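Trainee: I have a model to go through with you. Can we take it step by step, from overall size down to single residues?

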Amino acid sequence: MATRPYPILTVNEKAARAIRAGHPWVYGVETTGPDRPCENGDLVDVVSQKGRWLGTGLLNDHSKIRVRLLSRNTNDRFDEAFWRRRLQYALDYRKTVMGDDFSCARLIFGEADQFPGLTVDLFGDILVTEVLSLGMEIRKSLLYSLLVELLAGYGVAVRAIYERNEAPLRDKEGLPREKGFYPLPGLATDLDGHITLVENGISYDVDYINGQKTGFFLDQKYNRRAAAALAPGRRILDCCTHTGAFALNCAKAGAAHVTAVDISQDAVALTRRNVARNGLEDRVDVVQADVFSLLTELAREKKHPYDYIILDPPAFTKSGATVKNAYRGYKEINLKAMKLLPRGGYLATCSCSHFMTPDLFRRMLWEAAADAAVSLRQIADRRQAPDHPILWGVPETEYLKFYLFQVI
């Protein structure tokens, strides 16, 4: 092995196989070393037990994921030119796959773009970021500055960068939870946190300071469009509506009526504002309710006012330890919806947890349909929008499952 400039960390054969298969994470229990002192956040070379170089990554002894690989190219030098080139790749990819939707898109999707633990969303002229790894935290000032510079080449004059670093995963990286405007020279740090976003022809008020995640779920962009294609003339129940996005897409597409439901008072208020700003008050009602209870009540009262139900619940599991409970939750809500729909009705259903794998989700839907004594005629099997790319070999990047069915 040629001499390398970084401390060397040796991994066992299990880790070496995973790296060769394309996975960028190395767990602490799989490692020995490094061979000389270094700091958390530093670059380290990862080698096999036979001394074969496998890649270079970022070290963090606070985390179970001890190394997050950045590159398997021996020619890479991790200077400003490297980061500029990698950011350019990510932006060029978004421009290619998103086209006119580039102005509201996820620009950086963590490991799928080889920026482990970094998320960057673009809402018009606002960047909203989340940093979940120490290595990216240390380098974020450079990355943010380069992003602002590169985006100018796409005609985007970034007005502000807002960080949403509130996730519990930061605890595991030894990082504090915090949020706020990032003070780059020339950027605003005193905005109210609201911006108007237009997606699929629908206008939304996005609250990137207090809204869920980064303020708006961009990953369902094209799934909302696919769901809306079935909407004309239908009576629709949109469950877990959040900002009202599925409801509004369906209403604009010609639904006879849409009832949008969410348990959150804030989500209901935001959805009502979005309904009004799009002039769809005559087609959309917004109700605050627990979806499980509402579906149960409709079934008990033998009320079947809907011929199309949309299920977009939050992740029922965020760890492998709770998958069984999540499975039951997904099955219950889908079973209730299938029982409530008339024969020939339509169901849109999804899961946003990567722990609920595609195979598990399909099995759950099969069991729910059997228990409901219905058959499912599949219309579409979709994933997240391409600005949230799925990197083969990294199953964590394939997280959103979305199905459209006719219930027969």
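Trainee: Why does the radius of gyration agree with a compact globule?

Mentor: This is a predicted model, where local features need pLDDT of at least 70, side-chain atom pairs count only at pLDDT 80 or more, and totals for chains, interfaces and linings use all residues. Residues are numbered from 1 along each chain as its sequence is written, and side-chain values use heavy atoms, with hydrogens and water left out. The radius is taken over C-alpha atoms, and the globule rule is 2.2 Å times the number of residues to the power 0.38. For 408 residues that rule gives a value near 22 Å, so the protein agrees with its 23 Å.

Trainee: How many helices and strands does the protein have?

Mentor: Both are DSSP runs, numbered from the N terminus: helices are H or I with at least four residues, strands E with at least two. The C-alpha trace they belong to spans about 70 × 50 × 35 Å along its principal axes. The count is ten helices and 20 strands.

Trainee: Which strands stand at the edges of the six-stranded sheet, and why is one side of each left without a neighbour?

Mentor: Strands pair if DSSP finds at least two bridges between them. This sheet is open, with mixed pairing and the order β2-β6-β5-β4-β1-β3. Each edge strand has a single partner, so one side stays free in the sheet; the edges are β2 (25-27) and β3 (31-32).

Trainee: Which residue of β3 stands opposite V11?

Mentor: Look at β1 (residues 8-11) and β3. They pair in the antiparallel sense over two bridges. Opposite V11 stands T31.

Trainee: Which peptide bond is cis?

Mentor: Go to the loop between β3 and β4 (43-47), where P34 lies. Omega is near 10 degrees there, and the cis bond runs from G33 to P34.

Trainee: Which residue has a positive phi although it is not a glycine?

Mentor: Search the loop between β7 (104-109) and β8 (118-123), which holds Q114. The phi is about 65 degrees, and the residue is Q114.

Trainee: What is the order of the seven-stranded sheet?

Mentor: This sheet is open, with mixed pairing. Its edge strands, β16 (284-288) and β19 (376-382), each pair on one side only. From one strand to the next the twist averages 15 degrees. The order is β16-β15-β14-β17-β18-β20-β19.

Trainee: What is the bridge partner of L237 in β17?

Mentor: β14 (residues 235-239) and β17 (residues 308-311) run parallel, joined by four bridges. The partner of L237 is I309.

Trainee: Which helix makes about 5 degrees with β20?

Mentor: Contact means heavy atoms within 4.5 Å. Axes are lines fitted to C-alpha atoms, for helices over the stretch in contact, and angles run from 0 to 180 degrees between N-to-C directions. Helix α6 (residues 245-252) lies across β14, β15 (257-262), β16, β17 and β20, but runs at about 175 degrees to β15. The helix that touches β17, β19 and β20 (401-407), at about 5 degrees to β20, is α5 (residues 221-228).

Trainee: Which element gives the most to the lining of the largest cavity?

Mentor: A cavity is a set of points on a 1 Å grid over the protein atoms alone, where a 1.4 Å probe fits but cannot get out; lining residues have an atom within 4 Å of a point. The lining includes L58, R66 and E173. β5 (53-59), β6 (65-71) and α3 (134-152) each give two or more residues. With three residues, the top contributor is β6.

Technical notes: On a 1 Å grid over the protein atoms alone, a cavity is a set of points where a 1.4 Å probe fits but cannot get out, and a pocket is an open set with protein on both sides within 12 Å along at least five of seven lines; lining residues have an atom within 4 Å of a point.
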